[in-house]
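Open the model in your viewer and keep the sequence panel visible. The tour goes from one selection to the next.

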Amino acid sequence: MANEGKNLVGVDIGTTSIKVCEVKEDRKGSRTLVRFGFHPLPPQTIVDGHIMNAGAIVEGLERLFHKSKRKDIALRVSGHSVIIKKITMPTMTPAELTEQINWEAEQHIPFELADVQIDYQVVHRRDDQGQMDVLLVAAKKEEIGDLINLALEAKLRPRVVDLDAFTIQNCYEMAYGEPSPDETVVLLHVGASLTTLNVLANGTTAFTRDVVNGGNAITEEIQRQLGISQPEAEAYKCGSAQGVVPSEVPQIIQDCVDSLSGEIQRSIDFYLATSGDREITKVYVSGGTANVLALHEEIAQRCQVEVMPLDPLLVAQPDPKTVDPVALQGRTAQAVVAYGLALRKERERAA
Ligand SMILES: Nc1ncnc2c1ncn2[C@@H]1O[C@H](COP(=O)(O)OP(=O)(O)OP(=O)(O)O)[C@@H](O)[C@H]1O
Ligand SMILES: [Mg+2]
């Protein structure tokens, strides 16, 4: 992709908060984070990827943008309404593929074709075998439409809609460089309601999976077992509560981490069993729940692999004149999707 023009402002509307990142690139290509915005959303604003309280989101966007002249934004659509599949097709020309892709999508996507926006990319050609791997993406039109309307209502100009898995990959590649062909890297993004796993092998996406589990499940379990409110449970989980944390909390967190890590391990084992790949080189974790260190330890132990936080500050350091260090502190794991979106440009064209 050859990109031109200014960077768009990255806007990640998640289940628990809106994150905004703006990255400036100088002529030499060096990048600075010139804005970071964070706006918590009340519980039940988004449930299982469905927008239940549009007003809270519009108000949040208006607050985050009221002093900003830049209104051209890149949005992400929730993994709840997207399917990513890697399929194998016979080698064909781009024109033939355009003709064929809807038929293929019908076989692989469990949604009505009329309800989804289809996108695809050839990721690997194996001409000697007469085959090619195609990454097929289907996103529900209604959910994209709802998202765009919210942004328009907040007087913003949405220019790009991307998926978590790809924005995180973008952020990762800008931070650490493209993985070498002999490396297999897992990008694991653990948010509040969803965990997204993206396996990069031979330099491209080899496997993706979403697991409907994340930080909310931990908070809910603390709430349920201790009979306390959501804000109290959240504060105990995040270690930000005043006073003594009940002794049961660490064990509840560990039990939830066990169950989540088990699902992650099964996904990784499935990838290894079906791809013929022998091992994972490294796992990079992001998303707010990456702050739960027990999760890193559990995955490292179960999968016998090095687990590291994905550091978006390697993409662009904050400008001390415009970015409040306190606002960004402790939120870098949550900022990764917005960072990735902020790397998208006003004009992008296929190379
Ligand atoms: N310091 C912390 N310790 C433990 N958990 C944390 C911490 N900070 C944030 N979290 C958790 O991270 C989650 C929010 O992460 P994130 O902002 O990535 O999710 P989201 O984008 O709102 O949700 P989703 O992407 O699932 O729709 C919440 O469950 C929150 O409790
Ligand atoms: Mg998120």
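Two strands count as paired if DSSP finds at least two bridges between them. The model is a predicted one.

**Stop 1: the hairpin.** Select strand E9 (residues 116-126) and strand E10 (residues 131-140). E9 and E10 form a hairpin, with four residues between them. The two strands pair in the antiparallel sense over 10 bridges. To find one of these pairings, select Tyr 120, whose bridge partner in E10 is Leu 136. Then go to the turn and pick Gly 130, which has a positive phi of about 70°.

**Stop 2: another partner of E10.** Keep E10 and add strand E8 (residues 82-90). E8 and E10 run antiparallel and are joined by nine bridges. Here, select Thr 88 and its bridge partner in E10, Asp 133. In a regular strand the side chains alternate between the two faces of the sheet.

**Stop 3: a sheet of five strands.** Now show E14, E13, E12, E15 and E16, which is their order in an open sheet with mixed pairing. Why is one side of E14 and of E16 left without a neighbour in the sheet? Strand E14 (204-211) and strand E16 (306-309) stand at the edges, and each has a single partner strand, so there is no neighbour on the other side. From one strand to the next, the twist averages 20°.

Within this sheet, select E12 (residues 184-190) and E15 (residues 282-286), which pair in the parallel sense over five bridges. His 189 has Ser 286 of E15 as its bridge partner.

**Stop 4: a helix across the sheet.** Add helix H4 (residues 164-176), which lies across E12, E13, E14 and E15. H4 runs at about 55° to strand E13 (195-201).

**Stop 5: ligand 1.** Select ligand 1 and the 22 residues around it. Which of them come nearest? They are Gly 14, Thr 15, Gly 191, Gly 215 and Gly 288. By class, the shell has 16 polar, four nonpolar and two charged residues. Helix H5 (215-226) and helix H6 (230-238) each supply at least two residues of this shell.

**Stop 6: H5 and H6.** Show these two helices by themselves. Their axes come within 8 Å and cross at roughly 115°, and the crossing is right-handed. On the H5 side, the contact is made by Ile 218, Thr 219, Ile 222 and Gln 223. On the H6 side, select Gln 230, Ala 233, Glu 234, Tyr 236 and Lys 237. The residues of this contact divide into four nonpolar, three polar and two charged.

Definitions and conventions: Residues are numbered from 1 along each chain as its sequence is written. Chains are lettered from A and ligands numbered from 1 in the order in which they are written. This is a predicted model: local features need pLDDT of at least 70, side-chain atom pairs count only at pLDDT 80 or more; totals for chains, interfaces and linings use all residues. Axes are lines fitted to C-alpha atoms, for helices over the stretch in contact, and angles run from 0 to 180 degrees between N-to-C directions. Two residues are in contact if their C-beta atoms, placed from the backbone, lie within 7 Å. A residue is near a molecule or strand if its C-beta atom, placed from the backbone, lies within 6 Å of it. Ala, Val, Leu, Ile, Met, Phe, Trp, Tyr, Cys and Pro count as nonpolar, Asp, Glu, Lys and Arg as charged, and the others, Gly among them, as polar. A crossing is left-handed if the near helix is turned anticlockwise from the far one by less than a right angle, and right-handed if clockwise.
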